[in-house]
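Colleague: I am new to reading protein models, and I would like to learn how the descriptive words are earned. Could we go through one together?

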Amino acid sequence: MGARFPFSAVVGHDDLRTALLLNAVHPGIGGVLVRGEKGTAKSTVVRALAALLPALDVVAACRFGCDPAAVADCPDGPHDGGPAERRTARLVELPVGATEDRLIGSLDLERALTEGVRAYQPGLLAAAHRGVLYVDEVNLLHDHLVDLLLDAAAMGRAHVEREGVSVSHAASFLLVGTMNPEEGELRPQLLDRFGLTVSVRAARDVATRTEVIRRRLAYEADPGGFAARWADEDAALADRIVAARDRLPAVVLPDAEVRRIAGICAAFEVDGMRADLVVARTAVAHAAWRGVAEVAEQDVEAAVRLALPHRKRRDPFDEPGLEEQQLEDAMRQGAEHAADDPDDSPDDPDSPDDPDDDPDGPDGGLPPDTAEPPAESTPDGPPQRPGGSSGDRPHTPAPSFKARLLQVPGVGEGAPGRRSRARARTGRVVRASTVDGSGLHLVGTLGAAAPFQAARGRSGPGLVLRGTDLRRAVREGKEGNLVLFVVDASGSMAARQRMSAVSGAVISLLRDAYQRRDKVGVITFRGAGAETALPPTTSVDAAAARLRQLRTGGRTPLADGLLRARRVLESERVRDPRRRPLLVLLTDGRATATGSGGDPLRDALRAAGLLAADEVASVVVDCESGHVRLGLAGRVAGALGAVCLRLEELSADQVAGVVRAVRAA
């Protein structure tokens with residue numbers, strides 16, 4: 001393998017390099033998540049870090065890389081001071097398509113079938129012990145695999161309980177994940193479990209970009225020579241990592257700095273205590289990196305910049321990051337707490353001195369600026385004013401709610417998610433098969449072979465197998481779908497309160513799609529025709545941003561909206577044939593315009609029939625309001641073969657249980 005691009009030769013990305021180096025000093029920080037647009041050298045920097053880590057002494061022939069000076073409970077042990085060997089720290093890469101077996105290990109099938117013994121085959125977590133585990137595009141990895149990764153990174157051990165194997169082994173590694181937010185976000189629960197997060201972007205400064213080009217071209221022309229020119233700088237960083245690791249246990253975290261950290265985290269209203277602990281560990285590592293014996297304010301500030309941006313998100317659609325003014329305010333509050341004398345605290349800390357501090361006050365403890373606004377009334381608002389002026393501006397979405405579950409009927413084979421039933425490579429095993437499935441169904445295979453052992457002349461351990469004995473495991477899990485929203489933005493929907501309610505409902509459904517790992521798209525129709533406001537994407541927050549800017553007014557070209565949806569779905573069927581679509585149409589059904597010049601409602605029903613013929617699972621949300629209802633949305637739903645729901649029926653809290661909303665095939 002050719003020489004890697006040197007860590008010291010990377011131009012810019014100071015926060016990223018600092019975060020990686022601090023984790024190299026103190027792996028207990030919990031890893032680094034690197035967010036950034038494509039082409040920003042995320043992977044290059046991470047791979048370069050591995051070359052800086054000090055060489056390791058390992059027990060010879062130990063598959064888990066145990067340290068001979070501190071041998072823990074090891075499946076390959078006891079080692080009893082066996083021979084040691086020296087090797088470099090490993091960089092282990094986890095591909096997006098990796099399975100649970102590949103990550104945590106599994107039963108050694110070769111030994112199980114030939115020797116009749118239960119033996120454990122280690123996975124990538126074992127290979128990464130005392131090294132770097134790198135996950136590119138971590139946001140595209142299945143959630144349960146990310147959970148396993150983060151559990152091991154937090155505990156320093158991996159626990160395997162499966163297929164009759166019970167194993168626990170050391171798995172202490174520097175976890176680094178990279179992601180492009182345009183391809184979808186990680187759930188906030190998973191974001192929180194990464195110790196530090198850094199956002200990177202390409203420099204806009206011409207001089208910096210020029211230097212990046214020069215260095216990259218020089219590296220490509222002569223990788224070995226380029227690495228040699230930066231060898232001294234990399235060696236100095238490697239020595240500094242070793243020195244900081246040695247210094248780390250002796251670094252003191254004064255009580256004043258502990259109070260500062262607690263005050264800052266309280267000011268940002270982060271959930272739980274993980275943030276406080278990560279900031280404390282990072283501050284200690286930063287002090288060790290600086291070569292000082294005691295944590296100071298500058299160490300805490302550096303830690304806060306890296307540990308809190310992704311933890312202040314209060315909503316899945318909030319952008320991670322810290323504004324400079326927020327940080328200054330929080331640091332000021334933290335300084336006040338650091339200066340406090342704990343002996344001067346009141347005897348009863350739960351009794352507020354100021355009545356305004358009462359957490360049970362009129363705002364329920366929320367600051368005035370963050371108190372939840374009152375819900376807008378139902379969509380029975382005033383009629384649109386003459387001239388359609390209400391259609392010239394976007395409407396503020398009504399408060400969101402927990403959406404009821406909308407599913408595609410049947411069993412699919414799409415990308416892992418949380419919406420509809422699907423055959424999957426992961427999930428619960430439902431049966432054994434000679435045709436379908438993936439991976440070996442061990443019990444089924446053994447059961448098929450067992451009756452024939454005497455006839456096959458078995459005389460020792462192990463089984464005598466034939467090809468006809470092989471059984472595959474058929475698993476069933478959940479898939480993510482393509483949820484295509486088709487939104488009526490015409491004049492009949494333009495009464496301010498009605499469109500606010502519709503926008504709030506779509507935002508709620510988008511949040512549900514985010515949590516269920518769906519791909520989403522948005523089509524709007526009004527006036528002269530329909531437009532694709534957002535082509536299908538995994539970036540659900542982009543869809544939410546488009547919906548918040550939705551404008552209304554004009555006639556209702558319902559047929560055009562449905563035909564545009566059909567064209568989008570046809571294109572997506574070619575790009576991603578295994579992802580099943582779910583069309584969600586929000587309209588009052590009052591078609592008043594059509595591109596053909598014919599009857600608008602008749603054309604709309606014909607367009608709906610074409611989608612039904614394509615077997616597109618659909619849900620129609622009837623947005624009609626008032627005492628007099630024409631029921632036109634119900635007729636469109638009938639032509640689509642779809643269930644028709646009232647707007648208020650989308651809320652899970654207003655429906656008795658979560659029910660299937662799409663008609664069974």
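Modeller: Happily! Let's start with Glu615, which has a relative accessibility of 74%. Keep in mind as we go that this is a predicted model.

Colleague: What makes Glu615 count as exposed?

Modeller: The word exposed is used for a relative accessible area over 50%. Glu615 has 74%, so Glu615 counts as exposed. You can find Glu615 in the loop between helix H19 (600–613) and strand S19 (617–622).

Colleague: What is notable about the phi of Glu615?

Modeller: Its phi is positive, about 60°, although Glu615 is not a glycine. For background, most residues other than glycine have a negative phi. Glu269 is another case, with a positive phi of about 55° although it is not a glycine.

Colleague: And why is Glu269 called partly exposed?

Modeller: Buried means under 20% and exposed means over 50%, with partly exposed in between. Glu269 has 39% relative accessibility, which lies between those limits, so Glu269 counts as partly exposed. Its place is the loop between helix H11 (255–267) and H12.

Colleague: Why does Asp576 count as partly exposed?

Modeller: Try the cut-offs again: Asp576 has a relative accessible area of 24%, and this is not under 20% and not over 50%, so Asp576 is partly exposed. Asp576 sits in the loop between helix H18 (558–575) and strand S18 (581–587). Its C-alpha atom is separated by 8.8 Å from that of Gly414, and the two residues are 162 residues apart along the chain.

Colleague: Is Ala154 buried or exposed?

Modeller: Ala154 has a relative accessible area of 64%, which is over 50%, so Ala154 is exposed. This residue lies in helix H6 (residues 143–155). The C-alpha atoms of Ala154 and Ser172 are separated by 8.6 Å, with these positions 18 residues apart along the chain.

Colleague: How much of the protein counts as buried?

Modeller: Of its 665 residues, 47% count as buried. The secondary structure comes to 20 helices and 20 strands.

Colleague: What makes a group of residues a nonpolar core?

Modeller: The members are buried residues of certain nonpolar kinds, Leu and Phe among them, joined through side-chain atoms within 4.5 Å. The largest such core has 64 residues, and Phe7 and Leu308 touch the most other members. Helix H12 (residues 274–290) gives the largest share of this core, ten residues. A second, separate core has 40 residues, including Leu33 and Leu133.

Colleague: Which residues does Phe7 touch?

Modeller: Leaving aside residues up to four places away in sequence, the partners of Phe7 include Leu20, Leu21, Val45, Asp234 and Leu237.

Colleague: How do you know that there are cavities, and how many are there of 30 Å³ or more?

Modeller: A space is called a cavity if a 1.4 Å probe fits but cannot get out. By this rule the count comes to two of 30 Å³ or more. The largest has a volume of about 50 Å³, and residues lining it include Arg404, Phe485, Asp512 and Leu582.

Colleague: Which element gives the most to that lining?

Modeller: Helix H16 does, with three residues. Strand S15 (482–488) and helix H16 (496–515) are the elements that give two or more residues to the lining.

Colleague: Which classes of residue make up the lining of the largest cavity?

Modeller: This lining has six nonpolar, no polar and three charged residues. Arg and Asp count as charged, so Arg404 and Asp512 of the lining belong to that class.

Definitions and conventions. Residues numbered from 1 in each chain as written. Predicted model: local features only at pLDDT ≥ 70, side-chain atom pairs only at ≥ 80, totals over all residues. Heavy atoms only, no water. Helix = DSSP H or I, 4+ residues; strand = E, 2+ residues; numbered from the N terminus. Buried < 20%, exposed > 50% of the residue type's maximum accessible area, 1.4 Å probe, protein only. Contact = heavy atoms within 4.5 Å. 1 Å grid on protein atoms, 1.4 Å probe; cavity = no way out; pocket = protein on both sides within 12 Å on 5 of 7 lines; lining within 4 Å. Points joined across faces, edges and corners; volume = space filled by probe spheres on them.
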